[in-house]
Amino acid sequence: MTHNVKLTITMLLSCTVLFTLCVIQAQPKATTNIDWLDVSAESALLILGLCWLALVLSARPGGRVTQLLIVGLLGYCLGCYMDLLDEFFINDSLPGWFSLIEKLPTPIGLLTLTVGLWMWREEQTTINEQLRTREQFYRQHQLVDHLTQLCDARAMRHQLNQHLSRPHAIALIMIDLDNFNQINRQQGFTQGDQLLTNVAQLLASQLRSQDLVCRYAGDRFIIMLTQCSEHFANAMAKELVAAISPLGCHASHAMSYTSIPSNQASQTAQQLIDQVNQKLEQVKCHQTWPKAG
């Protein structure tokens with residue numbers, strides 16, 4: 001069960017407990033005292049908030065930004081729900097803490113949602129920079145993986161050969177999703193494809209505009225970092241692998257680093273890719289990862 005689903009279940013349980021408390025302890029309002037216009041408006045706001053929540057859960061990959069959006073929407077929905085209960089029950093007949101918590105969820109939820117939306121904007125800006133950087137390359141070469149919308153391995157070889165003739169360092173990171181076949185068997189190929197798409201979007205959003213991420217093959221991705229130190233490349237590889245975990249799977253990685261002057265480019269792109277691919281195979285042979293699911 002994912003963290004986002006747990007948050008949603010917690011929200012539903014909280015609403016059930018609050019409703020049960022009102023039914024048991026609160027004094028209901030007379031029908032003539034109920035403002036049905038307010039009931040309609042607050043019900044519409046609650047339904048709208050739940051629709052936003054459903055859209056975020058279905059469209060967003062896991063991660064910190066998604067969690068902020070979900071927590072913010074849950075807080076907003078809880079506030080709307082408690083305002084709706086207030087239309088049917090007399091608050092004075094409830095414990096004092098009920099009135100206090102009635103005022104908190106909406107402002108806290110909206111504040112959290114605002115932070116999440118701001119971070120989403122920054123994330124989308126990074127993705128747009130990635131797309132603009134590769135837009136001309138896409139048009140010229142048509143080397144795009146149709147599922148993930150990333151460049152494919154041919155594009156990586158082409159770009160890597162170009163960078164090998166330039167006087168700057170290059171790091172290649174290869175990432176492989178562990179037990180991906182098991183995920184396909186247990187959850188279905190549609191869910192597996194969605195996972196690949198989510199991972200692709202996550203990787204693209206974490207990189208700098210001059211870097212390149214491609215789908216190498218199957219559940220394996222390859223990333224080229226340029227103009228960076230070996231320490232930065234190692235840190236980036238670990239950060240990317242850690243960022244994949246909230247999506248519901250584990251990943252293995254290997255990294256290869258080279259710094260070649262422009263007049264001494266002795267290795268080809270394919271040799272460098274084969275090198276990091278062999279390192280990753282060695283890593284997977286010597287590590288045992290938790291099973292998916």
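This note sets out numbered points on the fold, helix packing and nonpolar cores of a predicted model.

1. Overall composition. The protein contains 10 helices and seven strands. Of its 293 residues, 45% are buried. Contacts between residues at least 6 apart in sequence are mostly long-range: 75% of them join residues at least 24 apart.

2. Packing of α2 and α3. Two packed helices are described by the angle between their axes and the distance between the axes. For helix α2 (residues 36-59) and helix α3 (residues 64-86), the angle is about 160° and the axes lie 9 Å apart. Angles over 145 degrees count as roughly antiparallel, and α2 and α3 are therefore roughly antiparallel to each other. The crossing of α2 past α3 is left-handed.

3. Residues at the α2 and α3 contact. On the α2 side, the contact is made by V39, E42, S43, L45, L46, G49, L50, W52, L53, V56 and L57. On the α3 side, the contributors are T66, L69, I70, L73, L74, Y76, C77, C80, Y81, D83 and L84. By class, the residues of this contact comprise 17 nonpolar, three polar and two charged.

4. The largest nonpolar core. In soluble globular proteins, nonpolar side chains tend to be buried together. Here the largest nonpolar core has 30 residues, and those with the most contacts inside it are I175, L177, L203, I223, L225 and I244. At least two residues of this core come from each of β4 (169-177), α7 (180-187), α8 (189-206), β6 (220-226), α9 (230-244) and β7 (251-259). The largest share, seven residues, is supplied by α8.

5. The second core. Separate from the core just described is a second one of 18 residues, whose members include M156, I222, L272 and I273.

6. Surroundings of L225. Which residues does L225 touch, not counting residues up to four places away in sequence? They are A169, I170, A171, I173, L207, R208, D211, F232, A233 and M236. L225 is also among the residues with the most contacts inside the largest nonpolar core.

7. Helix α7 and its end. Within α7, the residues F180, Q182, I183 and N184 are buried. The elements covering the buried residues of α7 include β4 and α8; β4 and α8 each also supply at least two residues of the largest nonpolar core. After α7 comes G188, which has a positive phi near 100°.

Notes:
Residues numbered from 1 in each chain as written. Predicted model: local features only at pLDDT ≥ 70, side-chain atom pairs only at ≥ 80, totals over all residues. Heavy atoms only, no water. Axes fitted to C-alpha atoms, helices over the stretch in contact; angles between N-to-C directions. Helix = DSSP H or I, 4+ residues; strand = E, 2+ residues; numbered from the N terminus. Parallel < 35°, antiparallel > 145°, perpendicular 65-115°, else oblique. Left-handed = near helix turned anticlockwise from the far one by under 90°. Contact = heavy atoms within 4.5 Å. Nonpolar A, V, L, I, M, F, W, Y, C, P; charged D, E, K, R; others polar. Core = buried A, V, L, I, M, F, W, Y, C linked by side-chain atoms within 4.5 Å. Buried < 20%, exposed > 50% of the residue type's maximum accessible area, 1.4 Å probe, protein only.
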